[in-house]
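Visitor: I have not looked at this structure before. Please show me how to read it, one feature at a time.

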Amino acid sequence: MKTWTPDASNHFEAWLGRVRLSVAGDPSLDPDDIAQDLRAHVHAELEAMPEPVTVGALERVLDSLGNPCQWSDAIKAPSELSSAWFQRNVTDVVTAWQQRLGGDWGLPVLLFVLTLIAIPTFGWIGAPLLLFAYFVARSHVTYAPQLVVGRKKWLVYAPLGLGAGVLAGLVLGFPLTFSGGYPNRFETMWILGSWWVLVGILAAREPKRVRAALKPFADTFDASHGRLLSLVGAAFLIAASVVLLSH
Amino acid sequence: MSWTTQLRKGALELAVLNALNGDRLYGYDIVRILRRHDGLMIGDGTVYPILSRLKADGLVRATIEDSPDGPPRKYYEMTRAGREALTEMNDAWQSLVSSIDVLRSASDKAGAR
């Protein structure tokens with residue numbers, strides 16, 4: 001049997017749930033019977049598709065099945081049934097959230113919430129929270145990339161993006177963290193320029209490590225980017241040296 | 001709903017029974033047979049409520065079999081009552097088509113005059 005992305009599976013189950021509701025409006029039909037046939041149909045249609053089955057591929061098959069309300073005059077749209085309305089808008093929504101949170105949505109949501117808390121409380125509380133969220137998010141992206149798809153991806157990418165930004169900032173501004181500030185900005189430029197030349201050379205020699213450290217935001221990073229950073233550092237260094245020597 | 005859509009819906013039950021005549025097929029097989037004929041289906045899903053209704057009416061029976069490629073498949077075959085109903089429906093259809101053809105040719109002749 002083909003593997004499906006979690007989003008595609010959830011989407012299909014939600015769609016089948018809506019079909020069952022629609023069909024339930026016609027007493028001459030058995031919703032389970034129809035759902036069983038539809039399940040076999042969709043799987044057979046997707047048989048020739050590449051794995052894993054995505055929401056896009058699934059949508060094309062569901063489109064070819066048509067709108068359940070048009071299958072029979074006796075089939076009503078769920079919105080035409082008051083109990084169905086409650087089922088669709090309240091019970092189903094709550095159940096879908098529970099299923100997501102209980103399944104592979106739980107961790108992305110937790111990571112996103114931790115990131116949201118870490119931003120305003122950045123310091124003794126926020127920094128460890130962000131570090132934890134970043135570490136778990138990276139593990140997720142590296143070792144279970146098939147779970148980081150669709151809308152879920154952005155929940156995992158939030159701590160990753162913030163963490164990668166902080167990490168890049170800490171590396172690039174490393175000399176400033178010790179000094180407590182330099183007396184004038186040209187000295188700061190000189191120190192930063194020297195540091196960036198060094199970091200750029202190291203990054204150009206080991207672009208793979210940079211890509212790994214900033215995954216997945218630096219997947220296209222290569223030696224030329226490291227050399228560019230060195231050049232910028234050198235420009236800072238030269239400009240600051242000229243100014244400092246002239247005084 | 002357009003006249004064509006209503007006509008298709010009315011004819012589809014007959015088409016499903018004819019596709020099943022003498023065969024044992026699961027839903028998707030029936031859909032594939034009907035797809036080969038233009039203008040029969042509005043959406044592939046239309047077939048499934050019809051199968052469910054035919055089963056409830058005792059015109060077809062279903063048996064579930066495991067599939068190596070996916071979920072279990074429900075195979076349909078016609079019952080004796082289904083075969084009798086199909087004969088009656090095909091006769092009724094033929095009679096309807098003949099009557100319409102007679103009316104059409106009369107109207108064509110009138111138009112030509």
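Guide: We go through the chains, the sheet and the contact in turn. Keep in mind that this is a predicted model.

Visitor: How many helices and strands does chain A have?

Guide: Start by listing the elements in sequence order. Chain A has 11 helices and 0 strands. Its pattern along the sequence is therefore one helix after another, α-α-α-α-α-α-α-α-α-α-α.

Visitor: What share of chain A is buried?

Guide: Of the 247 residues in chain A, 28% are buried. A second figure concerns contacts in chain A with a separation of 6 or more: 66% of them join residues 24 or more positions apart.

Visitor: Now the sheet. In which order do its strands lie?

Guide: For a sheet, read the order of the strands across it and the sense of their pairing. Here 3 strands of chain B form an open sheet in the order β1-β3-β2, with antiparallel pairing.

Visitor: Why is one side of β1 and of β2 left without a neighbour in the sheet?

Guide: Both β1 (25-26) and β2 of chain B stand at the edges and have a single partner strand each, so one side of each has no neighbour in the sheet.

Visitor: How are β2(B) and β3(B) joined?

Guide: They form a hairpin, with 2 residues between them. Strand β2, residues 60-67 of chain B, pairs with strand β3, residues 70-78 of chain B, in the antiparallel sense over 7 bridges. To follow the pairing, look for residues across from each other: B:I64 has B:K74 in β3(B) as its bridge partner, and B:E65 stands opposite B:R73 in β3(B).

Visitor: And the side chains along a strand?

Guide: As a general rule, side chains in a regular strand alternate between the two faces of the sheet.

Visitor: Which helices pack on the sheet?

Guide: For each helix, note the strands it touches and its angle to one of them. Helix α2 of chain A (residues 31-45) packs on the sheet and touches β1 and β3 of chain B, its direction making about 115° with that of β3(B). Helix α1 of chain B (residues 3-20) also packs on the sheet, touching β1, β2 and β3 of chain B, and its direction makes about 95° with that of β3(B).

Visitor: How many residues does each chain bring to the contact?

Guide: Count each side separately. Chain B brings 21 residues and chain A brings 25 residues. On the side of chain B that touches chain A, α2 (27-35), α3 (47-56) and β3 of chain B each supply at least two residues. The most come from α3(B), with 7 residues. By type, this side of chain B divides into 9 nonpolar, 6 polar and 6 charged residues.

Terms used. Residues are numbered from 1 along each chain as its sequence is written. Chains are lettered from A and ligands numbered from 1 in the order in which they are written. This is a predicted model: local features need pLDDT of at least 70, side-chain atom pairs count only at pLDDT 80 or more; totals for chains, interfaces and linings use all residues. Helices (H or I, at least four residues) and strands (E, at least two) are DSSP runs, numbered from the N terminus. A residue is buried if 20 or more other C-beta atoms lie within 10 Å of its own, exposed if 12 or fewer, and partly exposed in between; C-beta atoms are placed from the backbone. Two residues are in contact if their C-beta atoms, placed from the backbone, lie within 7 Å. Two strands pair if DSSP finds at least two bridges between them. Ala, Val, Leu, Ile, Met, Phe, Trp, Tyr, Cys and Pro count as nonpolar, Asp, Glu, Lys and Arg as charged, and the others, Gly among them, as polar. Axes are lines fitted to C-alpha atoms, for helices over the stretch in contact, and angles run from 0 to 180 degrees between N-to-C directions.
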